[in-house]
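Trainee: I am new to this structure and would like a close look at a single part of it. Please start from one position and work outwards until I can place that part in the whole.

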Amino acid sequence: MNDALGEPQSVLVLGGTSEIALATVKAFPRARLRRVVLAARPSAHRDASVLALTQAGVSGVTGIDFDARSTDTHGAFIDGVFDAGDIDVVLLAFGVLGDQEAAEADPHLAVEVATTNYTGAVSVGLHVARRLRLQGHGSLVVFSSVAGDRARRSNYIYGSTKAGLDAFAQGLGDALYGTGAHVLVVRPGMVRTRMSAGLPEAPMTLDANVVADIVVKALRKGRETVYAPGPLRLVMAGLKTLPRPVFRKLPR
Amino acid sequence: MTPSLSVTEGEQLLTGWGRTCPSLARVQPCASVEDVQTAIRQAGPRGALVRGLGRSYGDASQSGGGTVLDLRAMSGVAYDPLSGTVTAGAGASLDEIMRSIVPQGAFVPVTPGTRMITVGGAIGADVHGKNHHVDGTFGTHVQKMTLIDGNGEIRELAPSGETAAQFWATIGGMGLTGAVVEATFDVIPLTSSLISVDTQRVSNLDDVMARMAEGDSGYRYTVAWIDSVASSGRGIITSGDHAPVDQLSDKQRIKALAFDPKALATAPAIFPSGLLNNLTIRAFNEAWFRKAPRSRVGELQSIGAFFHPLDGIQNWNRIYGPRGFLQYQFVVPDSASHVIRIALDRLREVGAPSFLTVLKRFGPANPAPLSFPQAGWTLAADVPARIEGLGATLDELDELITDVGGRLYLAKDSRQSPQMFARTYPRLAEWQLVRDELDPRGVFTSDLARRLSI
């Protein structure tokens with residue numbers, strides 16, 4: 001149960017090795033956390049994430065097997081996590097960027113991106129919503145992206161999955177309105193993580209811990225959508241109004 | 001059938017009086033003992049809980065996903081002048097009881113700062129009032145009660161004898177041992193409904209505390225309001241006793257036992273969160289302090305004015321805006337009275353403005369394992385939840401209070417850690433054994449119980 005200041009006791013991270021999600025866990029008051037579940041495919045990376053959070057003073061951190069693409073397993077998986085105790089915050093943070101050019105040549109690769117980022121998220125998101133609804137409280141944080149605000153030549157496959165996910169999350173939030181369960185849609189711009197390593201840095205690029213602080217503050221206030229950084233809301237509003245011939249010619 | 005994701009009929013979003021952390025529950029009105037038994041037997045996996053008038057500040061009277069029993073219809077009040085007792089349904093409010101018995105020359109044994117609580121709530125939280133140093137808690141005055149346990153069975157409980165353990169586990173048990181449906185408690189005889197009040201305006205905290213420690217025993221009721229904005233910790237001590245009828249003027253004697261308080265105003269539904277800030281609170285506190293007489297003896301006040309000034313404004317909890325507020329109330333033993341000043345200083349430093357800061361001396365604890373009061377000092381301060389850095393400040397105070405053998409009041413708590421709760425209520429395990437006997441299936445639970453692993 002969240003306390004009166006909106007701080008959680010238990011967190012489930014779907015995409016348990018996501019740098020932004022791990023930074024978000026650390027940005028909650030750590031002494032309050034009693035149970036943190038890092039859900040991801042088994043890997044040395046996941047083990048290292050459990051260790052890193054534990055060493056940062058978070059108690060009750062465990063890793064658990066989860067595959068976003070195996071949608072058949074999602075129902076039982078989410079039931080297992082919630083049967084062991086209420087979850088106050090779920091961070092839906094898995095996603096892949098994919099290789100746009102390779103995917104254009106090999107649609108199988110595009111399907112993989114779509115299955116993970118969209119299909120998998122819709123599947124597990126609905127199971128999470130069902131359980132938050134049953135417990136009568138809790139927040140689902142969906143990591144969308146500004147890439148979903150308007151499709152761009154350089155990453156429209158990834159962008160289209162985030163556009164779909166974003167629309168899904170907004171609708172889910174409206175469905176759950178007034179039930180005590182709440183959905184926060186986060187739209188980060190470029191963030192310095194493994195995903196963006198090697199790409200040219202865009203203006204307003206943030207570190208993961210800055211995004212994390214924005215997420216935690218938005219949760220305390222019960223916000224429904226938040227950009228990271230905040231002013232990106234205006235930038236994207238401007239970009240969305242650009243005529244396509246102009247938008248197409250923008251760098252990258 | 002797959003349940004809908006959206007809210008369905010009968011479900012309600014509930015919060016405590018502080019309006020923080022809402023959760024959704026199915027609210028089940030119960031008009032009879034049979035209704036209560038059925039609701040308990042049919043409770044789903046998220047359990048059952050009785051909610052009274054929702055005056056606990058935090059998450060004690062809510063249970064996300066659970067069945068919340070509303071016993072307000074079970075509100076019969078019977079006063080027996082011969083034995084000096086009242087038998088009331090658990091859903092009866094102290095307001096209703098006072099309206100019934102004050103004109104007959106009787107008063108509830110204990111009332112907190114609001115009359116808008118039920119008998120069931122008074123027992124569950126084991127409430128205290130301005131007379132704790134003389135009369136103890138509400139639970140101390142309960143002579144017997146009827147409890148529906150976790151199997152839906154009826155239990156008659158008394159403070160001594162075979163059922164004493166179950167009785168005292170229910171006093172202060174936050175509704176987690178079962179559903180109280182009826183209780184009999186003793187009353188204070190009255191010859192008038194007025195209170196004779198002495199007021200002292202005191203310029204600093206040390207002086208306030210010294211005068212309270214010295215003068216308490218001379219009065220049935222005593223409490224101090226502290227100016228939380230002033231670093232001096234200045235305050236106003238008000239002390240009183242039920243006025244004997246011969247202290248009343250001829251005109252007052254005509255209606256010596258009258259009791260008919262009315263709500264004066266209702267706070268607007270939407271209140272801008274910035275309106276209560278350091279400046280407005282400072283102005284209020286200054287005016288409140290100045291308005292009090294330096295020293296006045298024997299002023300006659302009504303029950304409402306003396307005990308329940310805030311009941312005059314309906315929904316006053318809205319003034320803290322949409323993020324809500326919390327009330328931080330702790331007790332520390334006499335040996336740690338210095339903690340009172342530290343707490344006031346810390347709250348002032350973090351910029352937590354409070355216009356309701358109340359200091360009181362407690363008498364000894366009663367036998368109930370989870371009852372809050374113990375001998376020493378208790379301080380209660382309202383603070384808005386939106387204040388930046390409040391969590392860290394309160395965590396620091398929590399640690400200090402734990403270290404000196406103090407604790408927080410569960411009816412006010414909305415943020416302590418389970419570790420602190422377990423350390424500061426050392427009889428928790430003993431209480432849990434009794435609870436497990438009363439509720440072997442673990443039907444009774446609340447958001448508070450889940451948060452604190454009770």
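Mentor: Cys21(B) has 28 other C-beta atoms within 10 Å, so this residue counts as buried, the cut-off being 20 or more. Keep in mind that the model is a predicted one. Cys21(B) sits in the loop between β1 (11–14) and β2 of chain B. Its backbone is worth a look: phi is near 35°, a positive value in a residue other than glycine.

Follow the chain from that loop into β2, which spans residues 23–29. This strand has two roles to note. On the inside, β2 of chain B is one of the elements against which the buried residues of α1(B) pack. Towards the partner chain, β2 is among the elements that each supply at least two residues of the side of chain B that touches chain A. I will take the helix before the partner.

Helix α1 of chain B covers residues 33–41, and Val36(B), Ala39(B) and Ile40(B) are buried in it. These three residues lie on the same side of α1(B), because they cover an arc of only 100° around the axis. Besides β2, they pack against β3 (48–51), β4 (67–70), β8 (142–148) and β10 (179–186) of chain B.

Two of those strands, β8 and β10, lead on to the domains. Chain B is assigned a domain 1 at 77–190 and a domain 2 at 194–418. Taken over C-alpha atoms, the centres of these domains are 23 Å apart. Their contact involves 31 residues from domain 1 of chain B and 27 residues from domain 2 of chain B. On the domain 1 side, two or more residues each come from α2 (94–101), α4 (132–135) and α5 (164–170). The largest share is that of α4(B), with three residues. By type, the domain 1 side divides into 13 nonpolar, 14 polar and four charged residues.

A second residue with an unusual backbone is found in the loop between α3 (119–124) and α4 of chain B, namely Asp126(B). Asp126(B) is not a glycine, yet its phi is positive at about 45°. With 28 other C-beta atoms within 10 Å, Asp126(B) is also buried.

From Asp126(B) there is a contact to Ser371(B). Ser371(B) belongs to the loop between β19 (357–362) and β20 (376–384) of chain B. Ser371(B) has 26 C-beta neighbours inside 10 Å and therefore counts as buried. Leaving out residues up to four places away in sequence, Ser371(B) also touches Thr137(B), Gly139(B), Ile171(B), Gly172(B), Ala365(B) and Asn366(B). Take Gly172(B): 199 residues separate it from Ser371(B) in sequence, but the C-alpha atoms of the two are 4.7 Å apart.

That kind of contact can be set against chain B as a whole. Among the contacts in chain B with a separation of 6 or more, 75% join residues 24 or more positions apart. Chain B has 14 helices and 21 strands, and 50% of its 454 residues count as buried. Its radius of gyration is 21 Å, which agrees with the value near 22 Å for a compact globule of 454 residues. Along the principal axes, the C-alpha atoms fill a box of roughly 65 × 55 × 45 Å. As to confidence, the mean pLDDT of chain B is 94, with 98% of its residues at 70 or more. The scores of the model are ipTM 0.93 and pTM 0.95.

Now return to β2 and the partner chain. Contact between the chains involves 26 residues of chain B and 22 residues of chain A. Along with β2, the helices α11 (390–403) and α14 (447–451) of chain B each give at least two residues to this side. The chain B side divides into ten nonpolar, ten polar and six charged residues.

Chain A itself has nine helices and nine strands, and 48% of its 252 residues are buried. Its radius of gyration of 18 Å agrees with the value near 18 Å for a compact globule of 252 residues. One backbone detail there can be added: a cis peptide bond, with omega about 0°, joins Ala228(A) and Pro229(A). Pro229(A) lies in the loop between β9 (225–228) and α8 (232–241) of chain A.

How values were computed
Residues numbered from 1 in each chain as written. Chains lettered and ligands numbered in written order. Predicted model: local features only at pLDDT ≥ 70, side-chain atom pairs only at ≥ 80, totals over all residues. Helix = DSSP H or I, 4+ residues; strand = E, 2+ residues; numbered from the N terminus. Rg over C-alpha atoms; globule rule 2.2 N^0.38 Å. Buried ≥ 20, exposed ≤ 12 C-beta atoms within 10 Å, placed from the backbone. Contact = placed C-beta atoms within 7 Å. pLDDT = per-residue confidence, 0-100. Arc of directions from axis to C-beta. Domains from an automatic or database assignment. Nonpolar A, V, L, I, M, F, W, Y, C, P; charged D, E, K, R; others polar.
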